[in-house]
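This report describes how the parts of one protein chain meet, and which charged pairs and helix features accompany that arrangement. Please read it alongside the sequence and the structure shown below.

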Amino acid sequence: MTDSAAAALREAPHVDRPRVLSGMQPTDALHLGNYLGALRQWVERQDERDALFCVVDLHALTVPEAVDPATLRHRSRAVAALYFACGLDPERNVVFLQSHVPEHAECSWILTCTTPLGWLYRMTQFKAKSEGRDSVGAGLLTYPVLQAADILLYDADEVPVGEDQVQHVELTRDIAMRFNHLFGDTFVLPRAVVPAAGARIMGLDDPTEKMSKSIMVERPGHGIGLLDPPDVLKKTIMSAVTDSQREFRFEHASPGVRNLLTILASLVGESHETISERFGGRGYGDLKKAVLEAVSETVTPIRERFEALMDDPVELDRILERGAAAARERASATLQRVKAAVGVGG
Ligand code: TYM
């Protein structure tokens with residue numbers, strides 16, 4: 001095979017039906033940012049993709065407050081149930097818990113050995129999460145290597161994520177290229193796929209901060225939880241930060257107003273311009289009411305389906321076991337390739 005043919009194969013080997021891998025942390029209930037940035041695009045393209053989605057419970061161990069074992073076990077299943085409640089079909093996708101597939105941790109160790117420390121210190125999430133702490137676990141630094149293993153084990157072409165994860169997917173590419181260079185072609189090179197709208201939803205109480213699960217725990221009013229009951233949704237959205245102008249004008253819209261506009265535009269599938277025209281000259285109360293209506297229409301059926309799924313834990317576990325078995329079959333084949341390349345396990 002020529003070099004360019006080999007490169008083409010590494011870049012996009014699954015031409016007809018791209019292979020997809022993505023995941024979420026089970027740190028707490030998911031929010032609207034997780035839905036608009038990632039989950040919705042997983043669901044929308046499930047017919048065109050050969051996709052695997054995991055709940056990354058091993059990654060959750062890097063955050064010390066999440067280590068209560070019973071809570072973590074519960075949240076991992078709850079996040080899987082939320083995937084299904086949002087519309088992921090377990091018949092068309094492989095859905096599993098990361099810790100059920102031990103190949104992730106094994107592959108992660110091998111990749112840790114070929115990843116320069118400097119690459120990891122540069123990650124903005126590491127900097128943000130370690131800032132101001134006296135001591136951080138080594139796992140917080142090597143976190144993106146485990147994420148690389150999640151992706152590379154499945155020869156994923158595409159990784160559908162929100163904007164904040166793009167740096168980790170680019171690092172995964174670098175890790176794969178370095179490994180291929182050192183040990184010969186082993187990994188497919190993945191790329192991040194970010195939605196056109198909703199890739200970065202900001203906090204409602206402070207639109208300079210990204211909507212985040214950890215802040216939601218401390219500050220009610222920061223985020224819109226997918227499982228929030230109607231009264232909480234109303235309170236959060238109606239008290240969202242806007243600005244001191246009385247009425248909506250697109251050209252002068254503050255970050256808080258733009259964030260509301262983005263949420264509404266993404267949920268109803270219209271452009272910022274169309275929405276701006278509709279609300280031009282009207283008060284912010286009208287805009288917030290429209291956001292509340294669109295959010296409620298989206299999350300109410302999700303919450304109902306979620307509750308039904310959590311009512312049948314045996315069935316949920318059965319689906320996850322089946323997912324883990326299907327994932328292991330693929331992951332173990334890749335890991336064998338990796339081990340053979342570096343000379344262990346034979
Ligand atoms: P996590 O659990 O923080 O977030 C899950 C997904 O939600 C997206 N997201 C957002 N999108 C828009 N606006 C927001 N405010 C917002 N907040 C979060 C994230 O970009 C992500 O797509 N490291 C990952 C989990 C992970 C992973 C993987 C992802 C582990 N292994 C392999 C992809 C592939 C994380 O902590 O995501």
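## Polar and charged contacts between the domains

Between domain 1 and domain 2 there are zero salt bridges, although the two domains do share five residue pairs in polar contact, counting pairs in which both residues have pLDDT of 80 or more. The elements that contribute two or more residues to the side of domain 1 touching domain 2 are helix α2 and helix α4 (69-85), and it is α2 that supplies the largest share of that side, with five residues.

## Domain layout and buried area

The model is a predicted one, and its protein chain is divided into domain 1, which covers 3-198 + 313-342, and domain 2, which covers 213-308. The C-alpha centres of the two domains are 29 Å apart, and their contact draws 18 residues from domain 1 and 16 residues from domain 2.

Together, domain 1 and domain 2 bury about 1500 Å² between them, and 72% of this area lies on carbon and sulfur atoms. On the domain 1 side, 35% of the area buried against domain 2 is supplied by H31, L32 and A85, which is more than any other three residues provide.

## Helix α2

Helix α2 spans residues 32-44 and carries a kink of about 40°, centred on A38. The helix is mostly covered, since 12 of its 13 residues are buried; among them are L32, Y35, L36, L39, W42 and V43, as well as R40 and Q41. A38, at the centre of the kink, is likewise one of the buried residues, as is G37.

## Salt bridges across the sequence

Side chains of opposite charge can pair when their charged atoms come close. In this model the count comes to 20 salt bridges, and one of them joins R328 to E103, with the closest N and O atoms 3.1 Å apart. Because R328 lies in helix α15 (residues 313-342) and E103 in helix α5 (residues 103-112), this pair ties together parts that are 225 residues apart in sequence. The two partners differ in exposure, for R328 is partly exposed, with a relative accessible area of 36%, whereas E103 is buried, with a relative accessible area of 6%.

A salt bridge also forms between the side chains of E158 and R191, with an N to O distance of 3.4 Å. This pair links distant parts of the chain, as E158 sits in strand β4 (residues 158-160) and R191 in strand β5 (residues 191-193), 33 residues apart. E158 is buried, at 8% relative accessible area, while R191 is partly exposed, at 47%. Both residues also belong to a network of salt bridges that links R45, E48, R49, E158 and R191.

## A salt bridge between two loops

E209 and R219 form a further salt bridge, in which the closest N and O atoms are 2.7 Å apart. E209 lies in the loop between β5 and α10 (213-218), and R219 in the loop between α10 and α11 (230-238), so that the pair links parts of the chain 10 residues apart. Each partner counts as partly exposed, E209 at 25% relative accessibility and R219 at 28%.

Methods: Residues are numbered from 1 along each chain as its sequence is written. This is a predicted model: local features need pLDDT of at least 70, side-chain atom pairs count only at pLDDT 80 or more; totals for chains, interfaces and linings use all residues. Side-chain values use heavy atoms; hydrogens and water are left out. The bend at a residue is the angle between axes fitted to the seven residues ending there and the seven starting there. Helices (H or I, at least four residues) and strands (E, at least two) are DSSP runs, numbered from the N terminus. Buried means under 20% relative accessible area, exposed over 50%, partly exposed in between (1.4 Å probe, protein chains only). Domain bounds come from an automatic or database domain assignment. Contact means heavy atoms within 4.5 Å. Buried area is the accessible area (1.4 Å probe) that two parts lose on being put together, summed over both. A salt bridge is a side-chain nitrogen of Lys or Arg within 4 Å of a carboxyl oxygen of Asp or Glu. A polar contact is a pair of N or O atoms within 3.5 Å; within protein, one must be able to donate a hydrogen and the other to accept it, and residues adjacent in sequence count only if both atoms are side-chain atoms.
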